[in-house]
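Biologist: I would like a close look at one part of this model. Please start from a single residue and then work outward.

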Amino acid sequence: MASCCKLSDLFPIQSQLDSALEDAKTQEDKENLVYQYLRKTDEKADLIIPDFEEGLEWLNTDGPLSLRKELTGKVVVLDFFTYCCINCMHLLPDLHQLEQSYTIEDGLVVVGVHSAKFPNEKVLQNVRSAVLRYDITHPVVNDSDASLWQELEVSCWPTLVLLGPRGNLLFSLVGEGHREQLFLFTAAALKHYREQGLLKDHDVEIKLYRDSLPPSILSFPGKIAMDPSSKRLAIADTGHHRVLVVSNTGQVLHSIGGPSSGRQDGNLFEAQFSSPQGVFIKGDTVYVADTENHLVRKINLSEGKVSTLAGTGIQGTDKEGGAPGPQQPISSPWDVTLGNAGGDVLWIAMAGTHQIWALFLEDGKLPKGSDSKKGTCVRFAGSGNEENRNNAYPHKAGLAQPSGLALAPTEHWECLFIADSESSTIRSLSLKDGAVKHVVGGERDPLNLFAFGDIDGKGIDAKLQHPLGVSWDEGSSLLYVADSYNHKIKVVDPKTKQCRVLAGTGKAGNGLGPSFLESIFNEPGGLCLGEGGKLLYVADTNNHCIKVLDLETKTVSLFPIVVQQEVDAVLTTTINNTPAVKKLPKLPKSAPVFTMPSITVPSGQSVTLLLKLALPAGTKLTEEAPSFWSLSAEGNEWLLEGRAVTGSISDLSEPISIVSSIPVAPESTDPMLTLNAWVYCCLSEGGACMMKAVSFKQPLLISSTSEEGSVAVMLEHAF
């Protein structure tokens with residue numbers, strides 16, 4: 001690269017502008033200051049930056065871009081980022097909104113300049129996966145040797161550099177949290193150069209890689225958790241912005257959220273998430289780290305509701321906390337796990353502020369902390385400085401983007417294990433005294449966040465590369481680690497601090513073995529134990545799948561996600577009494593359909609359908625695939641207002657009672673109710689399993705006589 005200007009050439013004049021802007025009283029004053037600044041920089045002919053090197057790999061474009069060709073006549077925002085960096089992720093919504101405000105034809109082009117921290121991040125395929133995962137739609141250049149970074153003397157991630165239409169330096173913004181300046185500078189530059197006739201409205205060809213991809217059941221699954229009692233798994237299907245609850249045979253039982261990002265509480269069918277990561281499931285409750293919404297959410301499967309437990313939906317900068325959960329701003333929660341601190345508490349890996357937080361589900365008290373009331377969300381450990389600093393006092397310790405949590409609750413351990421991704425370490429956080437200690441990885445200098453590698457060994461001699469997940473095996477007292485950027489699963493003995501590879505070749509790819517060490521992963525982000533420690537489920541993030549490591553047979557298999565063919569069907573009624581729609585399995589063609597004789601019902605009464613089913617001889621209901629019923633009334637949804645219209649079938653010894661109400665002033669006198677039932681059963685001695693279904697159509701004749709009470713009808717079928 002030819003010798004050109006660097007950011008330090010800009011600092012003396014931009015610092016004067018920054019100081020003046022702080023004293024400006026009105027928006028007009030600020031704009032005038034920026035226009036004066038632009039006229040001043042235009043007089044400097046030596047602020048032209050070097051072009052991108054030839055031969056670099058580009059994403060989201062038809063080919064390479066040049067500041068001297070395609071980008072001439074444009075205001076260009078260069079985003080120097082590395083895809084592991086949480087601060088870089090925090091900038092993306094600002095850039096997205098900027099691109100929504102000003103198009104390429106308006107004269108604005110945003111270019112991501114990927115300048116890797118970790119060796120793994122230099123690989124084009126991994127950068128491509130990150131571009132897809134973060135839904136980046138502007139051009140990105142993989143500057144794997146950080147040539148432009150070094151030429152401009154960029155010092156940290158993220159850094160934004162604004163250029164004029166000649167490739168001339170205008171502004172630089174270091175770090176996150178400069179949204180107001182970004183929009184002010186961009187708007188002023190576009191207006192200034194448009195008035196000078198220097199902007200060009202030519203197109204810059206954008207070709208999104210995501211448009212060429214085939215659909216997949218999972219998209220960049222981030223985390224996975226299992227409820228040992230029900231053996232159900234919760235999967236953060238991060239790229240689809242949803243949470244799946246599946247049986248241990250892979251059948252999807254619930255799909256909440258997606259396919260696009262959003263933020264909404266309410267019924268399961270209407271709830272929305274934005275790139276959820278951490279999940280924890282216990283019984284009918286799933287706790288979710290809704291990462292890009294900066295929220296912690298709760299899914300109540302039995303009530304069919306999603307609610308917000310912590311966060312305001314706006315990225316917070318508070319590093320202390322202490323407010324009630326829904327009033328407490330938080331920043332990029334990445335994982336959650338349930339524990340106890342005098343009462344139930346949800347531990348949160350708060351990647352955005354480099355801390356561990358606590359959300360009190362009951363009254364309790366933190367070690368070396370004061371009493372906290374139910375609902376309080378407060379910092380537990382971490383100063384908020386991005387460091388690899390261990391300390392006996394939790395608030396003085398320094399973490400670096402903690403991304404995975406595992407609870408070791410027994411008396412000997414009584415701690416949280418932390419996958420501290422940016423320091424490439426595993427740390428422990430005592431639940432007895434709050435001390436933060438080193439387990440493996442990293443090095444002794446708390447400010448060195450570049451001590452990474454792929455080395456088995458003890459304590460500080462072991463090396464990891466950006467680990468994202470941990471899972472504790474209480475039976476063996478071993479900790480399993482998703483060593484994400486090494487594409488490996490490792491196992492740590494915290495007692496001896498020995499760390500060794502369990503599975504993976506160290507090369508990114510996709511393969512099942514035949515042995516653990518011959519299996520291939522691609523940035524696995526999460527993992528959990530199941531079947532009493534016999535199985536290890538791995539969210540193989542960039543391969544869009546879940547893999548299962550059988551710890552007894554030492555084999556790896558693909559975990560099947562089974563989605564039934566689906567059609568829209570009424571599931572429940574909303575608060576405003578409008579029937580909601582959710583996907584349900586289609587009735588098989590072999591399912592019998594019974595049209596029952598009409599029954600007369602006075603207005604104001606209710607209809608009770610008594611569903612009585614009998615299984616084939618020698619079979620039993622399948623727990624892993626819960627059976628259920630669904631009630632609908634096509635064209636007459638008013639019959640369903642305020643009533644449950646779906647439910648589980650767990651006991652066939654007694655008829656199931658399903659109620660529909662007839663209003664005093666019905667909208668129709670001859671509506672029809674349809675009751676469908678899906679029953680999953682297996683042979684009692686094991687082996688074959690099957691799904692059976694039946695449909696009942698019950699015509700109603702509603703009389704004008706208004707009466708109270710109920711009319712019951714029995715609907716029977718033996719499979």
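Biologist: In which loop is Pro259 found?

Modeller: This is a predicted model. Pro259 sits in the loop that links strand 10 to strand 11. The peptide bond leading into Pro259 from Gly258 is cis. Its omega is near 0°.

Stay in that loop for a moment. Asp265 also belongs to the loop between strand 10 (252–257) and strand 11 (266–267). The side chain of Asp265 meets that of Arg297 in a salt bridge, 2.9 Å from N to O. Arg297 is part of strand 14 (residues 295–300), so this contact ties together parts 32 residues apart in sequence. How covered are the two partners? Arg297 is buried, because its relative accessible area is 0% and the cut-off for buried is under 20%. Asp265 is partly exposed, at 32%. The general idea is simple: side chains of opposite charge can pair when their charged atoms come close.

Now step back along the chain to strand 8 (residues 232–237). Here 6 of the 6 residues are buried, so the strand is largely enclosed by the rest of the structure. Cover comes on both faces. Arg232, Ala234 and Ala236 are buried on one side. Leu233, Ile235 and Asp237 are buried on the other.

Strand 8 has partners to look at. Strand 7 pairs with strand 8 in the antiparallel sense, through 4 bridges. Strand 9 (residues 242–246) also runs antiparallel to strand 8, and 5 bridges join them. Leu233 is a handy marker in this pairing. Met226 stands opposite Leu233 of strand 8. In strand 9, Val246 is the bridge partner of Leu233.

The turns are worth a look too. The hairpin of strand 7 and strand 8 has 4 residues between the strands. Lys231 takes a positive phi there, near 60°. In the hairpin of strand 8 and strand 9, 4 residues again lie between the strands. His241 has the positive phi in this case, near 55°.

Go back past strand 7 and you reach the loop that follows helix 6 (179–195) and runs to strand 7 (224–227). Glu205 lies in this loop. Glu205 is partly exposed, with a relative accessible area of 46%. Together with Glu105, Asp106, Asp201 and Asp203, Glu205 forms a negative surface patch.

Lys207 is another charged residue to check. Lys207 and Asp62 form a salt bridge between their side chains, 4.0 Å from N to O. Asp62 comes from the loop between strand 1 (57–59) and strand 2 (75–81), and Lys207 from the loop between helix 6 and strand 7, so the pair ties together parts 145 residues apart in sequence. Asp62 and Lys207 are both exposed.

How do these contacts fit into the wider picture? The whole structure holds 17 salt bridges. One of them joins Arg427 and Asp420, with the closest N and O atoms 2.7 Å apart. Arg427 is buried, at a relative accessible area of 0%. Asp420 is buried as well, at 0%. Elsewhere, Asp454, Asp483, Lys488 and Lys490 are joined into one network by salt bridges that share partners.

Return to backbone geometry, where we began. A cis bond also links Trp157 to Pro158, with omega near -10°. Pro158 is in the loop between helix 5 (147–152) and strand 5 (159–163).

Two loop residues have a positive phi without being glycine. Asp135 has phi near 55°. Asp135 is in the loop between helix 4 (124–133) and strand 4 (140–142). Asp135 counts as partly exposed, at 47% relative accessibility. Glu414 has a phi of about 45°. Glu414 lies between strand 23 (402–408) and strand 24 (415–420), in their loop. Glu414 is partly exposed, at 26%.

How values were computed: Residues numbered from 1 in each chain as written. Predicted model: local features only at pLDDT ≥ 70, side-chain atom pairs only at ≥ 80, totals over all residues. Heavy atoms only, no water. Patch = residues over 30% accessible without salt bridge, like charges linked within 9 Å, V, L, I, M, F, W, Y side chains within 5 Å. Areas by Shrake-Rupley, 256 points an atom, 1.4 Å probe, with all protein chains shown as cover. Lys, Arg positive; Asp, Glu negative; His and termini not counted. Charge placed at Lys NZ, Arg CZ, Asp CG, Glu CD. Buried < 20%, exposed > 50% of the residue type's maximum accessible area, 1.4 Å probe, protein only. Pairing = 2+ DSSP bridges.
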